[in-house]
Structures are given as C-alpha cells and as structure tokens.
Amino acid sequence: MKTAPDLDYSLHHLCIYDDNPRDNMFPYLRWHHGITNFFSGSVFHVTEEGHSDYTFLGCGGHAYQIQIEAPPFQFEYERNWWADHGHGYNHICWLTSDARASMDHLLANSATEVMPFEKFPTYDGFVVHDPEGRWIEIMEYTDDTFRVQEFTHAPSGECGLEMVGNGEICKDVEAMSKWYQDILDLRVLEEFKDADNHVVVMSDKNYDPVQGRSLFILQNARQDFEKEHMAEHGPYISSIIYQAKNVTRAYEDAIWAGMLALQKPQRDSLTGLVTAYLKEPCGGNAIMLTERYAPAAHTVIAA
Ligand SMILES: [Fe+2]
C-alpha cells in the first residue's frame, strides 16, 4: 500500500453548497475575486444521475480556490447532505497523483466512504468522511489538458487580498492534527495554545512563505458563532481564510461588496493577528480575514 507522502497531496478547493450561485457569486466578484472556471451542462462530470453546476473562484492569484456547487446535486449522498445541513461548506478537496491508492489508504486509516471511487471523463475521484465526519474529496486529473485554471500569484486590489485556505472546528484538535499529518501529509507550520484554545496552522508539501501559502487551520470552537454551529452540526468546515495587506480596507471592501459583518478587525489575543470575521453570501458561512501571515516553512526553503 502506498504511504501518504507517496500520494503527492496538495490542497485544492473548498466547496460551498448554495442554491442561488448566480446572484451570490457577485459579492465575491466585487470583493476582488475572479472566476477561474465555470463547469455546467453536459460537458463535465456527467453521470447517470445528472450533471454539474460548479463555479470556481480565486482571489489574489493563490492556488487555493472555492467552488460553488448548486442543486439539483448529482448524487443522492449530496442531496442528503443538503437536506440535513442546507447552505454550508461541504468539502475540502485535495489533488493526488493516485486516487485509487489514496482511497485504499484513507479507508485503511479511519476514513469512511461517502462516494465510492469513480472514473469520470476528466478525473478519477471519491469522497470520504474524516474521523470526525467532515467531507474530504480526492481528485486525480486524468486528462492531458483539463485542469481548474489558476491565476498567477499576486495579491488583489489595493487592500492586497488573498484567499489562502480554510479553517475547521474540531472536537479533538490534537487527534485531528495528528491524523491530517499522518494520512494527508499536511505539515504543522505553527501552533497557538492557551488554557482554553488550540489553533494548529498546517499546510501541504508545496508550502512556500513567498510563492504559495495554502493554509489549513484546525482549531476548537472559539467564537460564539462557532460554538453555536458546532452544537447544532458537530465538527465542521468553519471558515474560508483570507489575508490582506490592509485588513481594515479589505473589511470595508467586503462590506461594500455585500459580505455581512460578524466581527470588526481587532487583534486576536491568541494569534496576535489583526482578525475580522464576515458572513459570505452563499448562506452566511464564516470568513476569517487576517493580516498577511506567512509562518516560516520547516520543510520548504523560500526562493
Ligand atoms: Fe469539489
């Protein structure tokens, strides 16, 4: 069986379930984002059950993207999730060099199947639960040219905005940090801890403090809105993480663009970073906006 490092994992996207993507993508577009790809109709991801409606958006030229996925969802397991949770952050996707071997490895290590391994025209993929029940999608491109497009690396707007990753609220931060390191080959960049809180900042093997900062943050529920969501839905994908050169300006731009205020910029006592929280338009999920943050890489030397 292949090991996690053999599988060449890289963080790719966060998927949001939303039933009104045409309208709700506009606050993102006004907030310095661009559409990297729009997949719909009978040309992509065709299955016996239906077809896709996916809008991919990027911001700041970073590899990490969001995907807005709209009903009618293609698969029963997706429709079931929509019925249970409604609008929400549905899954995180990793790219791999070998999806078949990745599925074997994940199922042998406490992940449970959501969508069986399947060969689509452009990629092989599947979906599993992590040990706390959040969805993980794994994708291996199999077409010579098909890719979700990426921007070149450059912060966007005068505020210097970049989408850099996502946060997850865990029941057991320690155990999940170990699992994501061992099974999905993430590396810990930095940890923040006090008597009540634990935040683990992770990234994939491609992390570079200068050229590529995809972050994956595991933490306990710290904010009131996180505690409420956790009580209702259990451990969950909790935030899209943005960094800005000027957080105050990025926050003002976000409000103008149509995002809703959750918490104005203020210094986070645990991380020391100026941090704001907003609600995004696809159902009011949380956005975390911090000042530019690039912890030193222990595994990669910056160019
Ligand atoms: Fe996806």
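**Exercise 1. The pairing of β10 and β11**

In this predicted model, Glu191 has Val200 of β11 as its bridge partner. Starting from this pair, work out which way strands β10 and β11 run and how many residues join them in the hairpin.

*Solution.* Begin with the bridge that is given, in which Val200 of β11 is the partner of Glu191. Next, place the pair in its strands: β10 covers residues 187-193 and β11 covers residues 198-203, and the two are joined by six bridges. The strands run antiparallel, and the connection between β10 and β11 is a hairpin of four residues.

**Exercise 2. A second hairpin and the loop residue Leu270**

Describe the pairing of β14 with β15, and then determine which residues Leu270 contacts beyond its neighbours within four places in sequence.

*Solution.* First, strand β14 (residues 260-267) and strand β15 (residues 274-279) run antiparallel and are joined by five bridges, and the bridge partner of Leu260 in β15 is Lys279. Second, the hairpin of these strands has six residues between them, and Gly272 in this hairpin takes a positive phi near 80°. Third, Leu270 belongs to the loop between β14 and β15, where 16 other C-beta atoms lie within 10 Å of its own, so Leu270 is partly exposed. Finally, once neighbours within four places in sequence are left aside, the contacts of Leu270 are Phe192, Asp194, Asn197 and Val199. Of these, Phe192 falls within the range of β10 (187-193) and Val199 within that of β11 (198-203). By way of contrast, Glu174 stands 96 residues from Leu270 in sequence, and their C-alpha atoms are 17 Å apart.

**Exercise 3. Two residues with positive phi**

Locate Ser110 and Asp185, give the phi of each, and decide whether each is buried or partly exposed.

*Solution.* As background, most residues other than glycine have a negative phi. Ser110, although not a glycine, has a positive phi of about 75°, and its position is in the loop between α3 (99-107) and β6 (112-119). Ser110 has 14 C-beta neighbours inside 10 Å and therefore counts as partly exposed. Asp185, likewise not a glycine, has a positive phi of about 60°, and it occupies the loop between α4 (173-184) and β10. Because Asp185 has 19 other C-beta atoms within 10 Å, and 20 or more would be needed for a buried residue, it too is partly exposed.

**Exercise 4. The surroundings of Phe216**

Establish whether Phe216 is buried or exposed, and list its contacts beyond four places in sequence.

*Solution.* Phe216 sits in strand β12 (residues 215-219). Its 25 C-beta neighbours inside 10 Å are the reason why it counts as buried. Leaving aside neighbours within four places in sequence, Phe216 contacts Leu11, Gly165, Asn166, Leu186, Met202 and Ser203. One of these, Met202, is 14 residues away in sequence, while the C-alpha atoms of the two residues are 5.0 Å apart. Another, Leu11, falls within the bounds of domain 1 (5-141), whereas Phe216 itself falls within those of domain 2 (161-291).

**Exercise 5. How the two domains meet**

Describe the contact between domain 1 and domain 2 and the nonpolar core that draws on both.

*Solution.* The assignment gives domain 1 (5-141) and domain 2 (161-291), with C-alpha centres 19 Å apart. To their contact, domain 1 gives 35 residues and domain 2 gives 34 residues. On the side of domain 1, the elements giving two or more residues are β1 (10-17), α1 (21-30), β3 (52-59), β4 (65-69) and β5 (88-95), and by class this side has 18 nonpolar, twelve polar and five charged residues.

Turning to the largest nonpolar core, it has 74 residues, among which Tyr242, Ile287 and Leu289 touch the most other members. Strand β13 (residues 236-244) gives the most to this core, namely six residues, and at least three residues come from each of the two domains. Ile287 also shows how such a core residue is surrounded, since beyond four places in sequence it touches Ser239, Ile240, Tyr242, Met259, Tyr277, Leu278 and Glu280.

**Exercise 6. The whole chain**

Determine how the radius of gyration of the protein compares with the globule rule.

*Solution.* The protein has six helices and 16 strands. Its radius of gyration is 18 Å, close to the 19 Å that the globule rule gives for 303 residues, so the protein is as compact as a globular protein of that length. Of these 303 residues, 41% count as buried.

Notes
Residues are numbered from 1 along each chain as its sequence is written. This is a predicted model: local features need pLDDT of at least 70, side-chain atom pairs count only at pLDDT 80 or more; totals for chains, interfaces and linings use all residues. The radius of gyration is taken over C-alpha atoms; the globule rule is 2.2 Å times the number of residues to the power 0.38. A residue is buried if 20 or more other C-beta atoms lie within 10 Å of its own, exposed if 12 or fewer, and partly exposed in between; C-beta atoms are placed from the backbone. A nonpolar core is a set of buried Ala, Val, Leu, Ile, Met, Phe, Trp, Tyr and Cys residues joined through C-beta atoms within 7 Å. Domain bounds come from an automatic or database domain assignment. Two residues are in contact if their C-beta atoms, placed from the backbone, lie within 7 Å. Ala, Val, Leu, Ile, Met, Phe, Trp, Tyr, Cys and Pro count as nonpolar, Asp, Glu, Lys and Arg as charged, and the others, Gly among them, as polar. Two strands pair if DSSP finds at least two bridges between them.
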